[in-house]
Every structure is written in C-alpha cells, then in structure tokens.
Amino acid sequence: MDEKELLIIEIANFAEYVLARKTESGLPIENFAKMVDMTKGEISKITNQQRKSVSVHSFHKIAIYSGDIIENVIKAVYTHRNLELKTGEEIEERTNFGIFMRDEVEVQGKNMFDYILNKTGIEKKRLTDIYYNGGLPEPYELILIEKATGRETGELIKKFVTAYPIKKKGE
C-alpha cells in the first residue's frame with residue numbers, strides 16, 4: 001500500500017475511534033469536545049473524515065482526555081501500517097566534515113538524524129521536512145521514533161504536544 005492509501009485508512013480508523021470514544025463517554029458532541037479540549041467543529045471534521053491526516057494533537061487529546069491510553073489508539077488507527085523498526089540497515093558513512101560535526105557539535109552522538117532515518121523507515125524527504133522545513137510529525141512517525149530511541153509509548157507525543165500546543169484564535 002502506498003502512503004496515500006494508508007492515510008485514507010488511518011483517517012477512517014481515527015474517525016471510528018473518535019466516534020467510539022464519544023459513544024462510550026455517553027456525552028453529546030459539545031460536551032465530548034469540551035472534555036477533550038477541542039471544538040465541536042474539529043470533532044465533526046474528524047468523524048466526517050474531512051482531514052488530510054491524523055493530527056498528533058488530536059490523536060493525543062482524544063486518547064488521553066477521554067480516559068484511554070496511547071497503545072489503544074495506536075491499535076485502532078494504525079491497522080495497516082508497519083510500526084516495526086528496521087534491522088540490519090547500515091548508516092550512511094559521513095565525510096570528514098560530517099564526522100567532525102558529529103563529534104564536536106551533535107549532543108550525545110546518538111539518536112541523530114541518520115539513526116532515526118535508518119531505524120524507522122521514514123522516508124528521508126519526509127524526515128527532512130519534519131526536522132528542518134516546518135512539517136509536523138504524524139503520530140505514527142513519533143511512535144516509530146519512540147521505539148527507535150527506547151522511549152515509552154506516548155512519551156514523545158505527550159512532550160511534543162505539551163511543548164508545541166496549537167494556538168487558539170486570539171492567543
């Protein structure tokens with residue numbers, strides 16, 4: 001399956017997940033939206049599959065604020081995506097300048113771009129976009145990075161959405 005097909009499935013799965021969480025809460029949509037710190041319109045766009053992707057902020061808010069855990073939403077949404085880390089991949093060798101930068105500039109010398117690229121299988125262009133060009137990571141990308149760096153499931157998602165909350169109008 002290509003990336004576009006996976007996104008279509010994930011958007012549909014996330015819509016089903018949100019509807020299930022809303023139903024389980026027993027709340028009308030307005031109250032459910034308040035509970036998960038979102039607007040009724042945002043919830044409607046998700047459940048009507050009017051989004052281009054699954055937002056990491058919505059993913060986190062709906063799971064956590066509705067009383068669920070990240071592992072459950074991962075299982076519900078990413079049914080067709082391989083979230084296993086790659087093994088046996090060789091990291092591209094650096095030039096002398098690249099080695100100098102790694103040894104003298106990069107902090108800790110581990111979990112760097114090349115490592116993440118090779119362990120997660122995230123395409124280089126996509127990883128470059130989210131590292132350097134202002135793109136936002138998809139939840140599954142953060143999940144893969146968590147696995148690659150030995151983090152707890154949901155740890156980076158929580159840190160990211162806390163550090164970079166969505167600004168509401170007027171803020």
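This short presentation concerns the nonpolar core and the aromatic pairs of one predicted model.

Residues are numbered from 1 along each chain as its sequence is written, and side-chain values use heavy atoms, with hydrogens and water left out. As the model is predicted, local features need pLDDT of at least 70 and side-chain atom pairs pLDDT 80 or more, while totals for chains, interfaces and linings use all residues.

I begin with the core. The largest nonpolar core (buried Ala, Val, Leu, Ile, Met, Phe, Trp, Tyr and Cys residues joined through side-chain atoms within 4.5 Å; buried is under 20% relative accessible area, exposed over 50%, partly exposed in between, with a 1.4 Å probe and protein chains only) has 36 residues. Among those with the most contacts inside this core are Phe14, Phe59 and Tyr78. Helix H9, residues 139–148, supplies its largest share, five residues; helices are DSSP runs of H or I, at least four residues, numbered from the N terminus.

I turn to the aromatic residues. The structure holds eight aromatic pairs, that is, Phe, Tyr or Trp rings (for Trp the six-membered ring) with centres within 6.5 Å; planes under 30 degrees apart are stacked, over 60 edge-to-face, the rest tilted. One of them, phenylalanine 113 with tyrosine 132, is tilted, at 6.0 Å centre to centre and 35 degrees between the planes. Because phenylalanine 113 lies in helix H7 and tyrosine 132 in helix H8, the pair ties together parts 19 residues apart in sequence. Phenylalanine 113 is buried at 14% relative accessibility, whereas tyrosine 132 is exposed at 58%.

Finally, Phe14, Tyr17, Phe59, Tyr78 and Tyr140 form one aromatic cluster.

Definitions and conventions:
Helices (H or I, at least four residues) and strands (E, at least two) are DSSP runs, numbered from the N terminus.
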